[in-house]
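Hello,

I am passing a structure on to you, and I hope you enjoy looking through it. Please open it alongside this email.

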Amino acid sequence: MSDDAVTPDPQEEPGLALEGGAMREESAYRVLARKYRPQTFDDLIGQDAMVRTLRNAFDAGRIAHAFMLTGVRGIGKTTTARIIARGLNCIGPDGNGGPTISPCGTCEHCTAIAESRSVDVLEMDAASRTGIDDVREIIEGARYTPVSARYKIYIIDEVHMLSKAAFNGLLKTLEEPPAHVKFIFATTEIRKVPVTVLSRCQRFDLKRIEAEALIEYLQAIAEKEGAAPERGALGLIARAAEGSARDALSLLDQALAHGAKAEDGTTLVAEDEVRDMLGLADRARVLDLLNLVMEGDTAGALKELGDQYERGADPIVVLNDLLDLAHWLTRLKIVPEADDDATLPPEEIGRGKEMADRLPINVLTRTWQMLLKTLKEAKDAPRPLAAAEMGIIRLAYAAKLKTPDEVIRMLETDAPLPDMPDPPGTGGSGSGGGSNTPSGSGARSGGPRAAAKPQPVAEAQSMVMLRTYKEVVALAEQHRDIRLKTELEDYVHLISFEMGRIEFRPAPRAPGDLAGRLKTQLEGWTGASWAISIAKEGGAPTIREAREDEWAKAVTAAKNDPLVAAAFEAFPDAQVVDIFEAQDDFTSPAPGNPEFALGDDDDEDL
Ligand SMILES: [Zn+2]
């Protein structure tokens, strides 16, 4: 962004843009938004594609008769329409210039348009003038040549509001436009504009401005205004503005009004103040809260929620933030670029990545669903805090339960898993340990799995012995190499395994460096040397294939249980969503075992 991008418009005076033929969008402008309204395309941020297309058209002398600008409110449609109008009629400082995409800003036409007093540029808000009579005026006027400018330009905002008759009237002029007439339409609802009209316009879809660009823009304007905002504060504003420069500037206005003055006169804008101003709960504390919940620390989570409430946080806002967070973590897990979010401080992104690595995808999606349900309940509840607390308790409890694939993994493990303790902070999401299983499942301890456990990975130990391929996968998970773990589950058709030697056939989509990475990691983790060989044929089903098969069988077996069958008879729409490990042979649960959960759509989690 060039420096002049934030030069105040010299002609602009407060209030002027609101008068006369000003478009409806103007009414929401606040001081900064008006003061820094872009006067040229160089000033307009975030619409590079549109500007490039326009420049090419102007350079080639192929300027459309009609333009259609579409995009959400506050994104710059009006501003763009005015810049195009100036560019069409600009004659340059010397009075000899032609149509340009870079209007001079000083010639008589540029200044007249900026002050909304050009007789040849007519602005109309279709939201208030929808009828055929209004359009007839335009059609009549279009027959006469411009008074002083090159073109007669009609800017029609919210054009989708025009009546059918008005559109039909307009269409005749659009079909055979006089050479001296240009139309610039703007709309937030392009689908309501008839195709017959659309097809005669050059269409531009204005984009939401990227957060990064918006933050830089706000920073530059704040500096011009003698303010020193914290970057986190601008991040919050950019996030709240959802890609609208105008909304962002309005919020910056408010933030500057709230800001304290330093001794040298600089206005300080603190992140905390902006957060309070926007009514946002502290995101770092929301992360803390979710972390406690996912660790199954009910008491800690309730205390944290209570503290936030004491500080004035609205329980609905906290739930919304938790929901956003669950969504973001899920995205972080699936789309690595999700961490590019410029509105977040780096340490939050770091914490988020760490949580996303740790939590399985099904736990994240389940969390999101439960939070959504809690949010709805809280909105209906006489005391939202109580509803939020109930939701937190349910979530923390659910976090302790095993997910179906964890149960299946234990089932299909014919040899014992290394029964290492969960690293700190993994809560109920780890694969080992029965301590997280809720009370009621006394049957686990001392079972066959516990009998022959291999030595845990410990620094004191020189070499870690692995007995099965499953233990290799478990080791990858223990060491948080989730990518390798997933690849080992999805892409490896095992042919043979012994300590120090693995032979397998890679699935077609396996990455080429899988064997190499496996060797490097195994040697690091076990302290032994490993030979990994690749075969072209044969091999067992992958763990994922086996797991999916086991799950299908487990569901079938569960449905054959008399108790479960009875439940299905009573609730025909029920689905088996979780099978919780209760005893060694879980397919025939003890009568009344509370952990053998069946769910329907309304009560799927507990
Ligand atoms: Zn000019």
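Below is what I found in it, starting with the sheet and then moving on to the helices.

One thing to keep in mind throughout is that this is a predicted model.

The sheet

A good place to begin is the open sheet of five strands, which are ordered β2-β3-β4-β1-β5 and pair in parallel. At its edges you will find β2 (121-125) and β5 (202-205), each of which pairs on one side only. From one strand to the next, the twist averages 15 degrees. As background, strands of a sheet pair through backbone hydrogen bonds, and the pairing can be parallel or antiparallel.

Strand β4 deserves a longer look. On one side, β4 (residues 181-187) pairs in the parallel sense with β3 (residues 152-157) over five bridges. Within that pairing, lysine 152 stands opposite valine 181 of β4, and isoleucine 156 has phenylalanine 185 as its bridge partner. β4 is also joined to β1 (residues 66-70), again running parallel, by five bridges. Here threonine 70 has threonine 187 of β4 as its bridge partner.

How many of the residues of β4 are buried? Seven of the seven are, so the strand is largely enclosed by the rest of the structure. Both faces are covered: Val181, Phe183, Phe185 and Thr187 are buried on one side, and Lys182, Ile184 and Ala186 are buried on the other.

Two helix pairs

Next, try following helix α12 (residues 283-294) into helix α13 (residues 298-310). Their axes come within 8 Å and cross at roughly 160 degrees. The two helices are therefore roughly antiparallel to each other, an angle over 145 degrees being what counts as such. The crossing of α12 past α13 is left-handed. On the α12 side the contact involves Arg285, Asp288, Leu289, Leu292 and Val293, which meet Gly300, Ala301, Glu304, Leu305 and Gln308 of α13. Sorted by class, the residues of this contact are five nonpolar, two polar and three charged.

The other pair is α14 (residues 315-334) with α16 (residues 361-380). These pack at an angle of about 160 degrees, and their axes are 9 Å apart. That angle makes α14 roughly antiparallel to α16. The crossing of α14 past α16 is left-handed. Among the α14 residues that make the contact are Pro315, Leu319, Leu322, Leu323, Ala326 and Lys333, while the α16 residues include Ile361, Leu364, Trp368, Leu371, Leu375 and Lys379. By class, the contact of α14 with α16 has 14 nonpolar, six polar and two charged residues.

A covered helix

Finally, have a look at helix α20 (residues 469-478), which is mostly covered, with nine of its 10 residues buried. Which residues of α20 are buried? They are Lys470, Glu471, Val472, Val473, Ala474, Leu475, Ala476, Glu477 and Gln478. The elements that cover them include α21 (482-491), α22 (514-526) and α23 (543-560). After α20 comes arginine 480, and its phi is positive, near 65 degrees.

If you want a starting point on screen, I suggest β4, which has β3 and β1 as its pairing partners. From there you could go on to α20 and the helices covering it, including α21, α22 and α23.

Happy exploring, and best wishes

Key. Residues numbered from 1 in each chain as written. Predicted model: local features only at pLDDT ≥ 70, side-chain atom pairs only at ≥ 80, totals over all residues. Axes fitted to C-alpha atoms, helices over the stretch in contact; angles between N-to-C directions. Helix = DSSP H or I, 4+ residues; strand = E, 2+ residues; numbered from the N terminus. Parallel < 35°, antiparallel > 145°, perpendicular 65-115°, else oblique. Left-handed = near helix turned anticlockwise from the far one by under 90°. Contact = placed C-beta atoms within 7 Å. Nonpolar A, V, L, I, M, F, W, Y, C, P; charged D, E, K, R; others polar. Pairing = 2+ DSSP bridges. Buried ≥ 20, exposed ≤ 12 C-beta atoms within 10 Å, placed from the backbone.
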